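Biologist: Could you take me through one part of this model closely? I would like the ligand surroundings and the helix that matters there, then whatever connects to it.

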Amino acid sequence: MKIKSIPIISNYMLNKFRTIKVDQDLKLVILSPKNASEIFALTEENRDYLGKWLPWVSSATSINDSSNFIIDSLNQRKMGKTFGYGIMYKRKLVGHISVMYVSEKDKTLDIGYWISSQFAGLGIMTKCVTSLTYYCFNKLDAQKINISAEITNFGSNKVAQKAGYKRLEKQEIKDGRTFNIWQISRDTL
Ligand SMILES: CC(C)(COP(=O)(O)OP(=O)(O)OC[C@H]1O[C@@H](n2cnc3c(N)ncnc32)[C@H](O)[C@@H]1OP(=O)(O)O)[C@@H](O)C(=O)NCCC(=O)NCCS
């Protein structure tokens, strides 16, 4: 018998927040397969910059791969478990940010992100993480949100810290890499 997955986030909520306005120049938008060539171009232009930290980069070798990534994200979104947004800065797609449930029981989410090197250092990711965090607590009823940042990834650790996350004592090792776990909790806001 096929077990139907129960969405954690109602379709109403998912459809309501298709765009999250961060500020005048910055918004988070749901991508469609039409954005595949832009996502692939960003991946190509930033292959070394992103590939250093993100394992998926080496296997994204065609527009088709980017298209499959977007389609997969849309399917995940329908199931209410993971939802991703393109980062639009001054109407240009510059990066991506996503949220996924790591514990449904504890309402704990994980945020992951990347931005084109051309737009790094402008404070964009700190603003996006701050907005998405607010959205998760206030609209999705999240209790805790985590960010895993490799210990040597200064930029990513700094983003988490600047967005108000606190570093947990424990670290995680994945594929021989060591990650800091940053966390923000609804109770401590
Ligand atoms: C890490 C990353 C998301 C930062 O995005 P960003 O938009 O440049 O971040 P912000 O501009 O909001 O910067 C926040 C702070 O981090 C600092 N910072 C950003 N990148 C940095 C880097 N490579 N080295 C050191 N500090 C860095 C900024 O100077 C800023 O600090 P300040 O306000 O004190 O000056 C971006 O560099 C990136 O996409 N990197 C590659 C992919 C990646 O690492 N993703 C995260 C995986 S966990």
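Modeller: What follows starts at the ligand and works outward along the chain. Keep in mind that this is a predicted model.

Start with the shell. The ligand is surrounded by 22 residues. The closest are Ala120, Met125, Thr126, Gly155 and Lys158. Four elements each give two or more residues to this shell: helix H3 (47–51), strand S5 (108–115), helix H5 (124–138) and helix H6 (154–162). By character, the shell residues split into 14 nonpolar, six polar and two charged.

Which helix gives the most to the shell around the ligand? That is H6, with six residues. So H6 is the part to look at closely.

H6 has a buried side. Its buried residues are Ser156, Val159 and Ala160. Viewed down the axis of H6, these buried residues fall within an arc of 95°, so they line one face of the helix. The general rule behind such a pattern is simple. An α-helix has 3.6 residues a turn, so residues three or four places apart point the same way.

What do the buried residues of H6 pack against? Their partners are H5, S6 and strand S8 (177–185). H5 thus appears twice: it packs against the buried residues of H6, and it gives residues to the ligand shell. After H6 comes glycine 164, with a positive phi near 100°.

Now follow one partner, S6 (144–150). Isoleucine 147 sits in this strand. Is isoleucine 147 buried or exposed? It counts as buried, because 25 C-beta neighbours lie inside 10 Å, and the cut-off for buried is 20 or more. Leaving out residues up to four places away in sequence, isoleucine 147 touches Ile111, Ala160, Tyr165 and Trp182. Ala160 is one of the buried residues of H6. Isoleucine 147 and arginine 186 are 39 residues apart along the chain, and their C-alpha atoms are separated by 15 Å.

Step back to the loop between H5 and S6. Leucine 140 lies there, and so does aspartate 141. The two have opposite settings. Leucine 140 counts as buried, with 21 C-beta neighbours inside 10 Å. Aspartate 141 counts as exposed, because it has 12 such neighbours and the limit for exposed is 12 or fewer. The backbone of aspartate 141 is also worth a look. Its phi is positive, about 60°, although the residue is not a glycine. As for leucine 140, its C-alpha is 25 Å from that of glycine 123, and the two residues are 17 apart in sequence.

A second residue of this kind is found elsewhere. Arginine 91 has a positive phi of about 70° and is not a glycine either. Its place is the loop between strand S3 (82–89) and strand S4 (92–103). Arginine 91 is exposed, with 7 other C-beta atoms within 10 Å.

Last, a helix pair. The axes of helix H2 (residues 36–45) and helix H4 (residues 63–79) come within 8 Å and cross at roughly 115°. The crossing of H2 past H4 is right-handed. H2 brings Ala36, Ser37, Ile39, Phe40 and Thr43 to the contact, and H4 brings Ile63, Ser66, Ser67 and Ile70. Of the residues in this contact, five are nonpolar, four are polar and none is charged.

Serine 37 deserves a word here. This H2 residue takes part in the contact with H4. Even so, serine 37 is exposed, with 12 other C-beta atoms within 10 Å. Its C-alpha is 9.9 Å from that of aspartate 65, and the two residues are 28 apart in sequence.

To return to your request: H6 gives six residues to the ligand shell, and its buried residues pack against H5, S6 and S8.

How values were computed. Residues are numbered from 1 along each chain as its sequence is written. This is a predicted model: local features need pLDDT of at least 70, side-chain atom pairs count only at pLDDT 80 or more; totals for chains, interfaces and linings use all residues. Axes are lines fitted to C-alpha atoms, for helices over the stretch in contact, and angles run from 0 to 180 degrees between N-to-C directions. A crossing is left-handed if the near helix is turned anticlockwise from the far one by less than a right angle, and right-handed if clockwise. Two residues are in contact if their C-beta atoms, placed from the backbone, lie within 7 Å. Ala, Val, Leu, Ile, Met, Phe, Trp, Tyr, Cys and Pro count as nonpolar, Asp, Glu, Lys and Arg as charged, and the others, Gly among them, as polar. A residue is near a molecule or strand if its C-beta atom, placed from the backbone, lies within 6 Å of it. The arc is that of the directions from the helix axis to the C-beta atoms.
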